[in-house]
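Hi everyone, thanks for coming. I'll walk you through one small-group favourite of mine today, so have a look at the screen and stop me if I go too fast.

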Amino acid sequence: MTDITTRVVETVAEAADSDGWCSRDQIVALMTQRGVDRMEIRRALQRGVDESRLERDGDRYRRR
């Protein structure tokens, strides 16, 4: 089974605009529809940034 961070990183890539960026609100909306808790999503976003799997700019994220 895929871990939450990997699922969040994949969701960022799926939901990204043509410039590659996706808002945190979009990610939270998509992931909560898939049954993931908001706090888990926020932790996974931070882990993704810490592990250099995601890049953050304010409230926007993109896959590296």
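Before anything else, one term: a nonpolar core is a set of buried Ala, Val, Leu, Ile, Met, Phe, Trp, Tyr and Cys residues joined through side-chain atoms within 4.5 Å. And keep in mind that what you see is a predicted model.

Okay, so which residues touch the most other members of the largest nonpolar core? They are Val8, Val12, Ile27, Ile41 and Leu45, out of 14 residues in that core. Helix H1 (4–15), helix H2 (24–33) and helix H3 (38–50) each put in at least two residues. The largest share comes from H1, with four residues.

Let's pick on Leu45 for a moment. If you skip its neighbours within four places in sequence, Leu45 is in contact with Val8, Val12, Arg24, Ile27, Leu54 and Tyr61.

Now zoom out. The protein chain has three helices and three strands, and reading along the sequence you get α-β-α-α-β-β. Its radius of gyration is 10 Å, close to the 11 Å that the globule rule gives for 64 residues, so the chain is as compact as a globular protein of that length. The C-alpha trace spans about 25 × 20 × 20 Å along its principal axes. Buried residues are 30% of the 64. And if you take the contacts with a separation of 6 or more, 54% of them link residues 24 or more positions apart.

Next, a pair of helices. Two packed helices are described by the angle between their axes and the distance between the axes. For H1 and H2, the angle is about 120 degrees and the axes are 10 Å apart. Their crossing is right-handed. On the H1 side, the contact is made by Arg7, Val8, Thr11, Val12 and Ala15, and on the H2 side by Gln26, Ile27, Leu30 and Met31. Sort those by class and you get six nonpolar, two polar and one charged.

Last stop: Val28, which sits in helix H2. Is Val28 buried or exposed? Its relative accessibility is 4%, and the cut-off for buried is under 20%, so Val28 counts as buried. Not counting residues up to four places away in sequence, Val28 touches Arg38 and Ile41. Val28 and Val8 are 20 residues apart in sequence, and their C-alpha atoms are 9.1 Å apart in space.

That's my tour. Any questions?

Key
Residues numbered from 1 in each chain as written. Predicted model: local features only at pLDDT ≥ 70, side-chain atom pairs only at ≥ 80, totals over all residues. Heavy atoms only, no water. Buried < 20%, exposed > 50% of the residue type's maximum accessible area, 1.4 Å probe, protein only. Contact = heavy atoms within 4.5 Å. Axes fitted to C-alpha atoms, helices over the stretch in contact; angles between N-to-C directions. Left-handed = near helix turned anticlockwise from the far one by under 90°. Nonpolar A, V, L, I, M, F, W, Y, C, P; charged D, E, K, R; others polar. Rg over C-alpha atoms; globule rule 2.2 N^0.38 Å.
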